[in-house]
Amino acid sequence: AGSVGQALGLAAAVGLAEEFLFRGVLEGAARASRGLGARLAPLATAAAFATVHWNARAWLGLLLLSLVLSQAKRAASGALDLPAGLHAGLVAAHFLLDASGAYQPLPAAAWLVGTRAGGAPFGPGR
């Protein structure tokens, strides 16, 4: 039960904080800038999101995740509740699967989830 509580606490904190920072502050500022505008703002935000997670092997997957979260914000009429909830759910699942050792990705999935040395999932930079 402690792992579930930890997963939920971590998920809520990370989901809310990262969505506020990336979809709220950074994407909002990028949309307001004359150089980027509404079309390129999600891509610039996604590149920043993927880069700050420090996992080169999962960079493309993180970029795609960020673009999905930007679309979720757009679908929610600009509110952050939907992307924060999706992000929190992903973090909780990630934490619980990693803690249980139950998840073993296929080698082809490394670009999406990253790996540790030795091939274990969810490498450095989580």
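What pattern does the protein chain follow when read along the sequence? In this predicted model, the answer is α-α-α-α-α. The protein chain has 5 helices and 0 strands. Of its 126 residues, 33% count as buried. The accessible surface of the chain comes to about 7100 Å², and 70% of that surface belongs to carbon and sulfur atoms. As for contacts between residues at least 6 apart in sequence, 55% of them join residues at least 24 apart.

Helix H1 takes in residues 2-32, and a good place to start is with its charged pairs. The structure holds 2 salt bridges. In one, Arg23 pairs with Glu19, with 2.7 Å between the closest N and O atoms. In the other, Arg31 pairs with Glu27, and here the closest N and O atoms are 3.1 Å apart. As a general point, side chains of opposite charge can pair when their charged atoms come close. The spacing along the helix is worth a look too. Arg23 and Glu19 are 4 residues apart in H1, so about one helical turn separates them. Arg31 and Glu27 also both lie in H1, again 4 residues apart, or about one turn of the helix.

Are the partners in these salt bridges buried or exposed? Arg23 and Glu19 are both buried. Glu27 has a relative accessible area of 0%, so it is buried. Arg31, on the other hand, has a relative accessible area of 33%, which makes it partly exposed.

H1 has some nonpolar surface to show as well. Val25, which lies in this helix, belongs to a nonpolar patch together with Phe20, Leu21 and Leu26. The four residues of the patch have about 340 Å² of accessible area together. Val25 itself is partly exposed, because its relative accessible area is 39%, and that value sits between the 20% and 50% cut-offs. Leu8 is another residue of H1, and at 55% relative accessibility it counts as exposed, because the mark to pass is 50%. Leu8 and Ala88 make a nice example of what folding does to distance: they are 80 residues apart in sequence, yet their C-alpha atoms are 7.9 Å apart in space.

Next along the chain is helix H2, residues 37-52. How far apart are the end C-alpha atoms of H2? They are 22 Å apart, and this agrees with the span expected for 16 residues at 1.5 Å a residue, because that span is also 22 Å. The buried residues of H2 are Gly37, Ala41, Pro42, Thr45, Ala46, Phe49 and Ala50. After H2 comes Trp54, with a positive phi near 50°. For context, most residues other than glycine have a negative phi.

Helix H3 covers residues 59-75, and the same kind of check can be run on it. Its 17 residues should span 24 Å at 1.5 Å a residue, and the end C-alpha atoms are indeed 24 Å apart, so the two values agree. Buried residues in H3 are Gly61, Leu62, Leu63, Ser66, Leu69, Ser70, Ala72 and Lys73. H3 is followed by Ser77, which is found in the loop between H3 and helix H4 (81-100). The phi of Ser77 is near 55°, a positive value in a residue other than glycine. Ser77 is also exposed, because its relative accessible area of 71% is over 50%.

Which residues make up the largest nonpolar core? There are 7 of them: Phe22, Ala46, Phe49, Ala50, Ala58, Leu62 and Leu63. H2 and H3 each supply at least two residues of this core, and the largest share, 3 residues, comes from H2. Apart from this core lies another one, of 5 residues, including Ala7, Ala11, Val91 and Ala92. In soluble globular proteins, nonpolar side chains tend to be buried together.

Leu62 gives a closer view of the larger core's surroundings. Leaving aside residues up to four places away in sequence, Leu62 touches Phe49, Ala50, His53 and Asn55. Two of these contacts, Phe49 and Ala50, are themselves listed in the core, and both are among the buried residues of H2.

Note on methods: Residues numbered from 1 in each chain as written. Heavy atoms only, no water. Buried < 20%, exposed > 50% of the residue type's maximum accessible area, 1.4 Å probe, protein only. Contact = heavy atoms within 4.5 Å. Areas by Shrake-Rupley, 256 points an atom, 1.4 Å probe, with all protein chains shown as cover. Expected span 1.5 Å × (residues − 1). Patch = residues over 30% accessible without salt bridge, like charges linked within 9 Å, V, L, I, M, F, W, Y side chains within 5 Å. Salt bridge = Lys/Arg side-chain N within 4 Å of Asp/Glu carboxyl O. Core = buried A, V, L, I, M, F, W, Y, C linked by side-chain atoms within 4.5 Å.
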